[in-house]
Amino acid sequence: MAEVDARQLPALARAVSDNAHAPFSRVRVGAAVLSEGGKVYTGCNVESASYGLTQCAERNALAAAVADGALPGSLIAMAVYANGFAVLSPCGACRQVISELMAPGAEVTSCCDNKESRTWTVAELLPYPFVLE
Ligand code: THU
């Protein structure tokens, strides 16, 4: 994808949510993450009939970035979109992985189908992340 800036991330997150596989919850989530080089990676939620195997949009976007060679700390912004009228707060598992791959000061913005949005830094989302020494 062509180089983008952080202001474009919410629209990209919303667009990729169209590809969500969410037959069980009907919650369609999209995430778009930006590298310091201006590359964007997207992901959507993928549910499974074995519910616990469900994959979240945020971690799928981060996995796409890693597969492309993005280094930990090089991901500077993320947007998350969920259909409906409530701002999604990223789940705990996603917060852990976000904290491992994004800079502590990077911003994560969550938006939905109205004008509401919320922005947190990575450190605000997970103040005391698990780290391996
Ligand atoms: N989901 C995400 O994609 N990201 C989150 O941070 C929380 C939840 C998805 C998983 C499931 O497909 C649906 O939302 C309802 O939980």
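Let me start with S74, which sits in the loop between helix 2 and strand 3 of what is, please keep in mind, a predicted model. With a relative accessibility of 9%, S74 counts as buried, and a polar atom of its side chain lies 2.6 Å from the backbone oxygen of L71. If we set aside residues up to four places away in sequence, S74 touches L34, S35, E36 and L101.

Right after S74 in the chain comes L75, and this residue takes us into the interior. Which residues does L75 touch, again not counting those up to four places away in sequence? They are V33, L34, S35, L62, A65, A70, L101, M102, A103 and A106. L75 is also one of the residues with the most contacts inside the largest nonpolar core, a group of 22 residues in which V33, L62, M78, I98, M102 and V108 are named alongside it. At least two residues of this core come from each of the following: strand 1 (29-35), helix 2 (57-67), strand 3 (75-82), helix 3 (92-101), strand 4 (102-111) and helix 4 (122-125). Apart from this core lies another one, of eleven residues, and among them are A32, V40, A77 and C111. As general background, nonpolar side chains in soluble globular proteins tend to be buried together.

Helix 3 deserves a moment of its own. Its buried residues are C94, Q96, I98, S99 and L101, and these buried residues pack against helix 2, strand 3, strand 4 and helix 4.

Now to helix 1, where the buried residues are L9, L12, A13, V16 and S17. Because they cover an arc of only 140 degrees around the axis, they are on the same side of helix 1. And what do the buried residues of helix 1 pack against? The partners are strand 1, strand 2 and strand 3.

Within helix 1, I would like you to look at S17, which is buried with a relative accessible area of 3%. A polar atom of the S17 side chain lies 2.6 Å from the backbone oxygen of R14, and, leaving aside neighbours within four places in sequence, S17 is in contact with R28, V29, G30 and Y81.

R14 itself is also in helix 1, but R14 is partly exposed, at 44% relative accessible area. Leaving aside neighbours within four places in sequence, R14 is in contact with Y81, C112 and D113, and the side chains of R14 and D113 are joined by a polar contact of 3.2 Å. The C-alpha atoms of R14 and A79 are separated by 8.9 Å, although the two residues are 65 apart along the chain.

Following helix 1 along the chain, we reach the loop between helix 1 and strand 1, where R26 is placed. R26 has a phi near 65 degrees, a positive value in a residue other than glycine, and at 61% relative accessibility R26 counts as exposed. For context, most residues other than glycine have a negative phi.

How many aromatic pairs does a search of the whole structure find? There is one, formed by F24 and Y51, and this pair is tilted, with 5.5 Å from centre to centre and 55 degrees between the planes. Since F24 lies in the loop between helix 1 (9-17) and strand 1, while Y51 lies in the loop between strand 2 (40-44) and helix 2, the pair ties together parts that are 27 residues apart in sequence. As for accessibility, F24 counts as partly exposed at 43%, whereas Y51 is exposed, with a relative accessible area of 60%.

Let me finish with the cysteines, a point that bench people often raise. The count of disulfides comes to zero, with the cut-off being a pair of cysteine sulfur atoms within 2.5 Å. Why is C44 not bonded to C56? The sulfur of C56 is the closest cysteine sulfur to that of C44, but the two are 11 Å apart, which is too far for a bond. C44 counts as buried, at 12% relative accessibility. C112 is likewise in no disulfide, and the nearest cysteine sulfur, belonging to C111, is 7.0 Å away. C112 is buried too, with a relative accessible area of 5%, and C112 is one of the residues in contact with R14.

Notes:
Residues are numbered from 1 along each chain as its sequence is written. This is a predicted model: local features need pLDDT of at least 70, side-chain atom pairs count only at pLDDT 80 or more; totals for chains, interfaces and linings use all residues. Side-chain values use heavy atoms; hydrogens and water are left out. A nonpolar core is a set of buried Ala, Val, Leu, Ile, Met, Phe, Trp, Tyr and Cys residues joined through side-chain atoms within 4.5 Å. Buried means under 20% relative accessible area, exposed over 50%, partly exposed in between (1.4 Å probe, protein chains only). Helices (H or I, at least four residues) and strands (E, at least two) are DSSP runs, numbered from the N terminus. Contact means heavy atoms within 4.5 Å. Rings of Phe, Tyr and Trp (its six-membered ring) pair if their centres lie within 6.5 Å; planes under 30 degrees apart count as stacked, over 60 as edge-to-face and the rest as tilted. The arc is that of the directions from the helix axis to the C-beta atoms. A polar contact is a pair of N or O atoms within 3.5 Å; within protein, one must be able to donate a hydrogen and the other to accept it, and residues adjacent in sequence count only if both atoms are side-chain atoms.
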